[in-house]
Amino acid sequence: MVNCCGLLTSQKEPVPLKSVEVELEVRDHVATVVSTLNYENKEDKPLEAVFVFPLPGDAAVCHFSAKIGQTHIVAEVKEKQEAREQYDDALSSGQQAFLLEESEQSPDIFSLSVGSLPPGESASIRLEYVIELAVQADEGLRFCLPAVLNPRYQPQGSGGCEGGNVQVTSVPASLVPYSLSFSARVSSPRPVSKVESSCPLEPLQYLNTEQTQATVKLAAGHKFDRDVELLIYYKDAHQPTAVVEAGQTSSQPGTLMGDPVVMLSLYPEFPQAVMSSVASCGEFVFLLDRSGSMSGGQIKRARDTLLLLLKSVPLGCYFNIYSFGSSYEHIFPKSVEYNQQTMEEALKKVDKMEADLGGTEILEPLKHIYSQPCVPNQPRQLFVFTDGEVGNTKEVINLVKKNSGSHRCFSFGIGEGASSALINGLAKEGGGHAQFITGTDRMQPKVMQSLRFALQPAVVDISVTWDLPKGVSVNALSPPITALFQGQRSLVYAQLTGQSSEASEGCVTVKYSLAGHPSQNQLHFSLTPAEDTGLTVHRLAARTLIRSLEMEEREREEEEDGGVKKKKVVDLSVQSGVSSAFTAFIAVNKDNSEAIQGPLVRRNVPTPMMMACSMPRCYPMSCGAPMMDMMMDCDDMLESYQSRCSVEMDVEDVDDFGFDPSLRSSLDAGLPKQPPRDPLLQLVSLQKASGCWVLDPDLAAALGKTSEEVEKPKPASVNQDVWATILALIWLHGFKMDAQEEWELLAMKAVSWLRAQKASCVKESVEAGNALLGCSVQKDALGI
């Protein structure tokens with residue numbers, strides 16, 4: 001008989017995890033996160049609780065400890081197999097033990113095992129990590145606490161999940177049986193102007209009159225229905241900075257932890273003349289996730305975004321569109337020249353795309369794309385749209401890195417629970433830029449920013465040189481910078497060795513070439529260590545170096561039997577106390593003198609799993625329970641769904657979304673009808689590949705007029721297409737300035753087309769168009 005006291009999973013098993021408390025401390029653009037997980041065993045047998053949960057992929061996990069009663073145990077970092085054996089030995093001898101390990105396939109998934117928790121006993125687990133905050137398009141700094149762990153799709157033949165010994169148990173977010181509390185403290189040399197979130201927050205509280213310190217908390221009653229995302233804005237932010245952190249006094253000089261480490265935040269400023277130009281060449285390959293978990297609102301937003309992208313691509317470029325799930329498709333056998341015919345053909349097929357291709361196997365379409373020869377003199381730009389639920393993350397990133405010399409990769413994580421390791425890794429190794437689209441975010445502004453980056457000339461010949469006082473040498477810890485974008489930060493870590501009695505200032509110079517123009521930016525910085533930084537910079541630097549060495553080790557494994565880099569990773573991980581793919585945190589309570597008696601019962605702590613789409617939270621089912629993720633990646637989740645909904649199904653009888661087709665019509669009947677199309681997208685859909693619009697009834701309807709109303713005020717000497725294009729531009733400037741970043745590039749195409757027509761009476765046409773549409777847009781504002 002199951003002991004039903006305490007919280008229960010959907011399988012009616014007690015959950016020993018009762019609450020999660022998260023404290024965030026942000027200092028400028030670096031964050032320290034402390035998570036406390038409180039466990040209590042209310043059963044009559046000793047428990048092993050296993051919790052598989054997400055963390056940001058580029059986090060440096062640097063502390064793990066446990067408190068049982070009055071006993072406090074701090075974990076050590078050890079080689080992974082050694083740590084697992086020590087954990088197993090402790091459990092078999094009746095000792096309490098705690099194991100924290102990173103997934104071997106994806107660095108943003110961790111497994112925490114709490115072993116031999118006696119009946120009636122409580123344990124408090126403390127987990128700490130540090131992370132750099134990414135800069136957003138609007139200059140905000142993004143922090144994301146991934147509360148949601150969607151099932152990671154395992155491609156066939158990939159060897160299973162987490163080495164075969166970790167099982168992810170997921171339940172709908174509304175059924176998560178433990179609570180979350182979250183608070184943040186923000187401090188910066190510059191005033192904090194605002195903090196925004198996808199989750200309800202209590203009002204921001206300033207701690208001083210300069211407003212350089214502030215605190216904020218999640219509002220009471222937060223549900224696990226989304227990741228906790230904070231956007232932090234400073235006044236006059238994003239200036240180049242350098243922080244020098246003193247080494248650890250207990251560590252040997254000459255080692256990473258014993259020497260000072262410098263962290264440089266570089267924001268290159270490009271010449272304005274070069275930045276104003278947009279490339280008129282390029283091969284654009286769009287790769288769209290059509291797995292079941294992209295269904296509903298997500299696939300619709302992706303289709304709308306592809307429409308904007310295809311309308312914004314300049315004439316003279318090449319393009320192709322791939323889509324993938326368990327299999328993959330492409331619209332053209334190879335990339336084709338962008339013109340009216342190919343654009344129309346592509347858009348017809350895009351309009352029919354649904355999330356109906358099953359699982360999330362991204363590796364094979366990438367291999368096919370890279371097998372295609374590049375178009376001469378057309379730099380390849382790859383745009384990847386995915387909800388990031390893959391299990392072979394490192395393998396995918398490896399492939400992108402191998403082909404990084406032939407393209408730039410721009411990645412977009414769509415929806416809650418997207419893998420930060422995959423999205424950031426694709427962009428980093430592909431020399432591109434990563435974006436995350438969550439909650440009610442419009443996808444289009446972020447995607448169009450990346451398209452503007454892709455149309456910028458590639459920055460080449462990037463080098464970083466140091467000018468340091470005599471006696472001080474530098475050891476670079478970061479991999480070479482491969483991509484620079486206007487307004488985006490580049491971080492560089494370096495170890496400083498030796499001392500100088502002469503000067504206390506250093507200088508770093510970043511040199512690069514942009515569109516044939518050599519440029520450089522310099523940053524002078526003090527070598528005096530900053531106060532009160534703890535070892536944050538050292539740990540972030542160690543994480544950066546560990547990731548580089550792990551990548552080199554994976555490449556070496558493919559070529560020959562190695563292990564040299566692996567030993568370096570293990571040594572560095574143990575020395576710095578920062579987790580890696582080859583190490584784990586292990587803590588054993590050696591204070592309990594008596595062995596814990598009784599058979600050990602395993603309890604998998606469930607993680608929240610998001611709905612697969614932005615639909616109503618509940619379907620009109622007889623069971624009245626929220627729908628689980630449409631993409632049933634694991635048999636245990638399917639069984640859970642069946643048991644809760646009292647529906648008898650066979651795996652063979654379900655469709656690509658994991659549903660019995662006989663249920664689908666009743667499910668769909670409860671959905672609201674599709675809303676009318678966005679007026680902006682309606683107008684954009686009518687633009688020709690050349691950039692012009694045609695005067696027809698569809699354009700009149702998009703402008704909210706009749707054909708007669710649109711045709712009557714046209715100046716007699718003006719061409720119909722010129723008139724139509726001027727009207728469209730006036731409408732965009734007059735009614736959609738709040739979405740300018742979405743239509744700016746296609747408007748530039750329209751202006752170029754108008755200039756090429758050398759049309760007369762342009763001023764007269766603008767005046768007539770303003771009168772017709774009720775606007776007051778100036779001719780100069782249109783750029784014509």
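This briefing walks through some features of the structure shown above. The model is a predicted one. The protein has 784 residues, and 57% of them count as buried. Its secondary structure comprises 19 helices and 34 strands. Among contacts with a separation of 6 or more, 74% join residues that sit 24 or more positions apart.

**Helices α3 and α4**

- A good pair to look at is helix α3, covering residues 297-312, and helix α4, covering residues 340-350: their axes come within 10 Å and cross at roughly 175 degrees.
- Angles over 145 degrees count as roughly antiparallel, and α3 and α4 are therefore roughly antiparallel to each other.
- On the α3 side, the contact is made by Arg303, Leu306, Leu307, Leu310 and Lys311.
- From α4, the partners are Met343, Ala346, Leu347 and Val350.
- Sorted by class, the residues of this contact are seven nonpolar and two charged, with no polar ones.

**Helix α5 and its surroundings**

- Next comes helix α5, which spans residues 363-371 and has Leu363, Pro365, Leu366, His368, Ile369 and Tyr370 as its buried residues.
- Several strands help to cover these buried residues, including β20 (283-289), β21 (318-324), β22 (328-330), β24 (380-386) and β25 (407-414).
- Helix α6 (393-402) is also part of what covers them.

**Cavities**

- How many cavities of 30 Å³ or more does a search of the whole structure find? There are four.
- The largest cavity has a volume of about 220 Å³.
- Its lining is made up of 17 residues, and those nearest the centre of the cavity are Val20, Phe51, Phe53, Pro54 and Pro146.
- Two or more lining residues come from each of β1 (17-27), β2 (30-40), β3 (47-54) and β34 (607-609).
- Strand β3 gives the most to this lining, with three residues.
- The lining of the largest cavity has 15 nonpolar residues and two polar ones, but no charged residues.

**A closer look at Ser198**

- You can find Ser198 in the loop between β14 (192-197) and β15 (205-206).
- Is Ser198 buried or partly exposed? The cut-off for buried is under 20% relative accessible area, and Ser198 counts as partly exposed because its relative accessibility is 22%.
- Leaving aside residues up to four places away in sequence, Ser198 touches Arg226, Asp227 and Glu229.
- Ser198 and Asp227 are 29 residues apart along the chain, and their C-alpha atoms are separated by 8.1 Å.

Notes
Residues are numbered from 1 along each chain as its sequence is written. This is a predicted model: local features need pLDDT of at least 70, side-chain atom pairs count only at pLDDT 80 or more; totals for chains, interfaces and linings use all residues. Side-chain values use heavy atoms; hydrogens and water are left out. Axes are lines fitted to C-alpha atoms, for helices over the stretch in contact, and angles run from 0 to 180 degrees between N-to-C directions. Helices (H or I, at least four residues) and strands (E, at least two) are DSSP runs, numbered from the N terminus. Angles under 35 degrees count as roughly parallel, over 145 as roughly antiparallel, 65 to 115 as roughly perpendicular and the rest as oblique. Contact means heavy atoms within 4.5 Å. Ala, Val, Leu, Ile, Met, Phe, Trp, Tyr, Cys and Pro count as nonpolar, Asp, Glu, Lys and Arg as charged, and the others, Gly among them, as polar. Buried means under 20% relative accessible area, exposed over 50%, partly exposed in between (1.4 Å probe, protein chains only). On a 1 Å grid over the protein atoms alone, a cavity is a set of points where a 1.4 Å probe fits but cannot get out, and a pocket is an open set with protein on both sides within 12 Å along at least five of seven lines; lining residues have an atom within 4 Å of a point. Grid points are joined across faces, edges and corners, and a volume is the space filled by probe spheres set on the points.
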